[in-house]
Amino acid sequence: RRSEELWARLMAAGTRGEMDDEQYLRALSDGASVLNGLRLEWWPCRGTLIALLRHGGRSGQLARGRVDVVDHDIDVMVGVHAEEDW
């Protein structure tokens, strides 16, 4: 039940337009809770992984007051043992 509530919150976050960094991290945390609750192996990938490694979040400050917004969505991969598990 909790996984369903978190999934609904995660999906709703994307329908309200642009997310700020706090909403982005909360959505990523909600997604992690859903996937962990399902006992799935998962990891961030693509732009999400780059952003987390570079800034610890979706964006970070650059020189001369510029902001580096690395990604606008959340990318994760889910590992399965066999194609049938998918």
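Buried means under 20% relative accessible area and exposed means over 50%. These cut-offs are applied below to a predicted model.

## Helix α3

Helix α3 spans residues 46-55. Its buried residues are G47, T48 and A51. They share one side of α3, because the arc they cover around the axis is only 100 degrees. An α-helix has 3.6 residues a turn, so residues three or four places apart point the same way. The buried residues of α3 pack against two elements, α2 (21-37) and β1 (41-44).

R46 and L53 are exposed on the other side of α3. For R46 the relative accessibility is 55%, and the residue therefore falls in the exposed class, whose cut-off is over 50%.

## Positive phi values

Most residues other than glycine have a negative phi. R46, in helix α3, departs from this with a positive phi near 50 degrees. R64 is another non-glycine residue with a positive phi, about 55 degrees in this case. R64 is located in the loop that runs between β2 (59-61) and β3 (67-69). Its relative accessibility is 75%, so R64 counts as exposed.

A glycine also has a positive phi: G56, just after α3, takes a value of about 75 degrees.

## D68 in strand β3

Strand β3 contains D68. With 15% relative accessibility, D68 is classed as buried, because the cut-off for that class is under 20%.

Which side chain makes a polar contact with the side chain of D68? The partner is the side chain of R54, at 3.0 Å. When residues up to four places away in sequence are left out, D68 touches R54, H55, R58, S59, G60 and L62. R54 and H55 belong to the range of helix α3 (residues 46-55), while S59 and G60 fall in the range of β2 (59-61).

## G79 in strand β4

G79 lies in strand β4, which covers residues 76-79. The relative accessibility of G79 is 19%, so this residue counts as buried under the 20% cut-off.

How far apart in space are G79 and E41? Their C-alpha atoms are 5.3 Å apart, although 38 residues separate them in sequence. Leaving out residues up to four places away in sequence, G79 touches E41 and W43. Both of these residues fall within the range of β1 (41-44), the strand that, with α2 (21-37), packs against the buried residues of α3.

Notes:
Residues numbered from 1 in each chain as written. Predicted model: local features only at pLDDT ≥ 70, side-chain atom pairs only at ≥ 80, totals over all residues. Heavy atoms only, no water. Helix = DSSP H or I, 4+ residues; strand = E, 2+ residues; numbered from the N terminus. Buried < 20%, exposed > 50% of the residue type's maximum accessible area, 1.4 Å probe, protein only. Arc of directions from axis to C-beta. Contact = heavy atoms within 4.5 Å. Polar contact = N/O pair within 3.5 Å; in protein donor to acceptor, adjacent residues only side chain to side chain.
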